[in-house]
Amino acid sequence: MKLSEFTNQLSGLSEIAFELPNGQLVPEHFHVTEVGKINKHFIDCGGTLRNEEKVSFQLWEENDYNHRLHPDKLINIIELAKNKLGLPDVEIEVEYQGESINKFELDFDGKNFLLVNTQTACLAKEKCGVPEQKPKVKLSELQNSSCTPESGCC
C-alpha cells in the first residue's frame, strides 16, 4: 500500500487498528514511534545495481494504556514527515516487535490495516542459475494423448 492510499483510508476512520497475519490485533494502545524514509541502494546476486525507496512506520506498544493514537493525529505526523523528510508516495513498510523486529507490507480490509508477511526472493534468477519451475502435469491425463517435445509434457 502506498502512502497516499494509507492516508486516504485513514481519513475515513474514527479509530486505527492493525491486524497481524494471525488475525490478532496490535493492542489498541500502540504508538507509531517512527515515520521515516528508507533508501536501499544495493547490488543483487546477479550484479545488477538497484535502488529501493519505502516509507517506514514503526509500531510500538508498552504499558501506556491511557493513550490511543487517533487517525487525525497520525495524519498530522505523516504530514510533518512529508514536509521535513520529503516523503515520496511509495510503498509502506511496517515494523513491529515480534521475537525480533518483523517487517510487513500493508493492506486494508475496509476496517483494519492488515500487516502482511513479507518474503525474501532472488531478484536475478536468470543470472544466478535458479531454475524455472516446470509445469506440473498429471500423468493420468497423458495416457490418451501423445507426448511431443513441443507439448511441454516431457
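Relative accessible area sorts residues into three classes: buried is under 20%, exposed is over 50%, and partly exposed lies in between (1.4 Å probe, protein chains only). The model is predicted, and local features need a pLDDT of at least 70 and side-chain atom pairs a pLDDT of 80 or more, whereas totals for chains, interfaces and linings use all residues. Numbering starts from 1 along each chain as its sequence is written, and side-chain values use heavy atoms, with hydrogens and water left out.

**Figure 1. Overview of the chain, with 3 helices and 6 strands.** Helices (H or I, at least four residues) and strands (E, at least two) are DSSP runs numbered from the N terminus. Along the sequence their order is α-β-β-β-α-β-β-β-α. Of the 154 residues in the chain, 29% are buried. The accessible surface is about 10800 Å², and carbon and sulfur atoms account for 47% of this surface; areas come from the Shrake-Rupley method with a 1.4 Å probe, and for residues only the protein chains shown count as cover. Contact means heavy atoms within 4.5 Å. Among contacts between residues at least 6 apart in sequence, 64% join residues at least 24 apart.

**Figure 2. Confidence along the chain, with a mean pLDDT of 88.** The pLDDT is the predictor's confidence in each residue, on a scale from 0 to 100. A value of 70 or more is reached by 87% of the residues. Confidence is highest in strand β6 (residues 113-117), with a mean of 97, and lowest in helix α3 (residues 125-128), with a mean of 80. Where pLDDT is low, the predicted coordinates should not be read in detail.

**Figure 3. The largest nonpolar core, made of 30 residues.** A nonpolar core is a set of buried Ala, Val, Leu, Ile, Met, Phe, Trp, Tyr and Cys residues joined through side-chain atoms within 4.5 Å. The members that touch the most other members are Phe-6, Phe-18, Phe-57, Leu-59, Leu-106, Phe-113 and Leu-115. Two or more core residues come from each of α1, β2 (31-43), β3, α2, β4 (92-97), β5 (101-108) and β6. Helix α2 gives the largest share, 4 residues. Setting aside residues up to four places away in sequence, Leu-115 touches ten listed partners, including Phe-18, Leu-20, Val-26, Leu-59, Val-94, Phe-104 and Leu-106. In soluble globular proteins, nonpolar side chains tend to be buried together.

**Figure 4. Glu-53 and Ser-56 in strand β3.** Strand β3 covers residues 49-60. Glu-53 is partly exposed, at 35% relative accessibility, whereas Ser-56 is buried, at 5%. Apart from neighbours within four places in sequence, Glu-53 is in contact with Lys-37, Ile-38, Asn-39, Pro-88 and Val-90. The C-alpha atoms of Glu-53 and Ile-38 are 5.6 Å apart, although 15 residues separate the two along the chain. With residues up to four places away not counted, Ser-56 touches Glu-34, Val-35, Gly-36, Ile-38, Glu-93 and Glu-95.

**Figure 5. A salt bridge between Arg-68 and Glu-15.** A salt bridge is a side-chain nitrogen of Lys or Arg within 4 Å of a carboxyl oxygen of Asp or Glu, and the count by this rule is 7. In the pair shown, the closest N and O atoms of Arg-68 and Glu-15 are 3.8 Å apart. The pair links distant parts of the chain, 53 residues apart: Arg-68 is in the loop between β3 and α2 (71-85), and Glu-15 is in the loop between α1 (3-11) and β1 (18-19). Arg-68 is partly exposed, at 25% relative accessibility, and Glu-15 is partly exposed, at 46%.

**Figure 6. Salt bridges of Arg-50 and of Glu-52.** Arg-50 meets Asp-44 with an N to O distance of 2.7 Å. Asp-44 is buried, at 8% relative accessible area, while Arg-50 is partly exposed, at 27%. The side chains of Glu-52 and Lys-54 meet at 4.0 Å, N to O. Through shared partners, salt bridges join Glu-52, Lys-54, Glu-93 and Lys-103 into one network. Glu-52 is partly exposed, at 32%, and Lys-54 is partly exposed, at 21%.

**Figure 7. Cys-45 and Cys-122, with no disulfide.** A disulfide is a pair of cysteine sulfur atoms within 2.5 Å, and a search of the whole structure finds 0. The cysteine sulfur nearest to that of Cys-45 belongs to Cys-122, 3.5 Å away. Cys-45 is exposed, at 53% relative accessibility, and Cys-122 is partly exposed, at 27%.
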